[in-house]
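Hi everyone, thanks for coming. Let me put the structure up on the screen, and then I'll walk you through a few spots in it.

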Amino acid sequence: MIDTHCHLSMVLDENKNIDYNQICDILKQMKLNGVTHAITVGSNMRDSELSVEIAKHYDNIYCAVGVHPEEVESFDIVELEDLVKTNLNSGKVVAIGEIGLDYYWRKDNKEAQIEIFKKQIELAKKYNLPIVVHCRDAYGDTLEILKQYAPFDKGGVIHCYSGSIEWANVVIKLGFLISFTGVVTYPNASNVQEVAKWVDIDKFMVETDSPFLTPVPFRGKKNNPSYVRYTLEYIAKLKNKEIQEIDKNTTNNAIKLFKLKIK
Ligand code: NI
């Protein structure tokens, strides 16, 4: 079982440095829950750097680097490309992300969001990496941009999927996977549950987006990568399949997309 999207760079001590003690505890919890690997995802320049550091520190952690649409101000293409170039051979930087559009939090800087989204797609293509896409209240513009840059030979994922079945169908045809967070376990998330029931087992993955979006039965507590199993189990039940089957498929989908060299 792999947590394909978490934010371990947010596990910091009081001096805002990586808290390796806490991360060690998280790794122990992952092991107890059968979660073998995790991909920690950057959302601004600083935590993209921290994500690389964490990934290089642990055999079973990989990372994505990129600037989230809410962090437009931190974007620096030269720095980001440097980070990718310097660490590409480590085998630990497996995607550009998370990148995308978010008109829920801010609509006043749409142009800037679009510009950095495009630049990061171009960066991913240049270095043959998949992309991790964040899309909130911006389905029209996101799709337009993805179509503009298709085909995506290296693929990508629409993370924390919360769109419609129709939209999922279009992006899957463009070569993307979708991935589900703990949101799918929430009683008011019937639309996400419908998508999870519908989607092919070779077209989706699971993630925590921790420390956010804790799945039931731990909703309200701080999330961590070990809880991805509750999301996976919930989806198995929804799809009326064995947990082992969903585990095997989602794990393989992640290994294939991110080209994980698992020891
Ligand atoms: Ni995230």
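So, what do the angles among the four donor atoms say about the site of the nickel ion: regular or irregular? Before I answer, keep in mind that this is a predicted model. Okay: the angles run from 81 to 174°, and the site is irregular.

Who holds the metal? On the protein side, the donors are His 5 and His 7, each through NE2, plus Glu 98 through OE and Asp 209 through OD. They lie 2.1 to 2.2 Å from the nickel ion. If you like patterns, the spacing of these donors along the chain reads H-x1-H-x90-E-x110-D. Look at His 7 and Glu 98 in particular, since that pair links distant parts of the chain. His 7 sits in the loop between S1 and helix H1, Glu 98 is in strand S4, and the two are 91 residues apart. Both of them are buried.

Now, squeezed in between those two histidines in the numbering, you'll spot a cysteine. How many disulfides does the structure hold? Zero. Cys 6 isn't in one, and its nearest cysteine sulfur belongs to Cys 63. Why no bond there? Because those sulfurs are 10 Å apart, which is too far. As for accessibility, Cys 6 has a relative value of 0%, so it counts as buried. Cys 63 is also at 0% and therefore counts as buried.

Let's move on to the helices, and I'll take H8 to begin with. This one covers residues 228-239, and with 12 residues at 1.5 Å each it should span 16 Å; the end C-alpha atoms are 17 Å apart, so that agrees. Its buried residues are Val 228, Thr 231, Leu 232, Ile 235, Ala 236 and Lys 239. These cover an arc of only 135° around the axis, so they're on the same side of H8. What covers them? Strands S1, S7 and S8 are included, along with helices H7 and H9. Right after H8 comes Asn 240, with a positive phi near 60°.

And H7 itself? Here the buried residues are Val 192, Gln 193, Val 195 and Ala 196. Their arc is only 160° around the axis, which means they share the same side of H7. Among the elements covering them are helix H6, S7 and H8. So H7 helps cover the buried residues of H8, and H8 helps cover those of H7.

That's it from me, thanks for listening!

Notes
Residues are numbered from 1 along each chain as its sequence is written. This is a predicted model: local features need pLDDT of at least 70, side-chain atom pairs count only at pLDDT 80 or more; totals for chains, interfaces and linings use all residues. Side-chain values use heavy atoms; hydrogens and water are left out. Helices (H or I, at least four residues) and strands (E, at least two) are DSSP runs, numbered from the N terminus. The expected span of a helix is 1.5 Å times one less than its number of residues. Buried means under 20% relative accessible area, exposed over 50%, partly exposed in between (1.4 Å probe, protein chains only). The arc is that of the directions from the helix axis to the C-beta atoms. Contact means heavy atoms within 4.5 Å. Donors are N, O and S atoms within 2.8 Å of the metal (3.2 Å for Na, K and Ca); water is not among the atoms, so sites may look incomplete. Four donors count as tetrahedral if all angles lie between 85 and 135 degrees; four count as square planar and six as octahedral if opposite donors are over 155 degrees apart and all others between 65 and 115; anything else is irregular. A disulfide is a pair of cysteine sulfur atoms within 2.5 Å.
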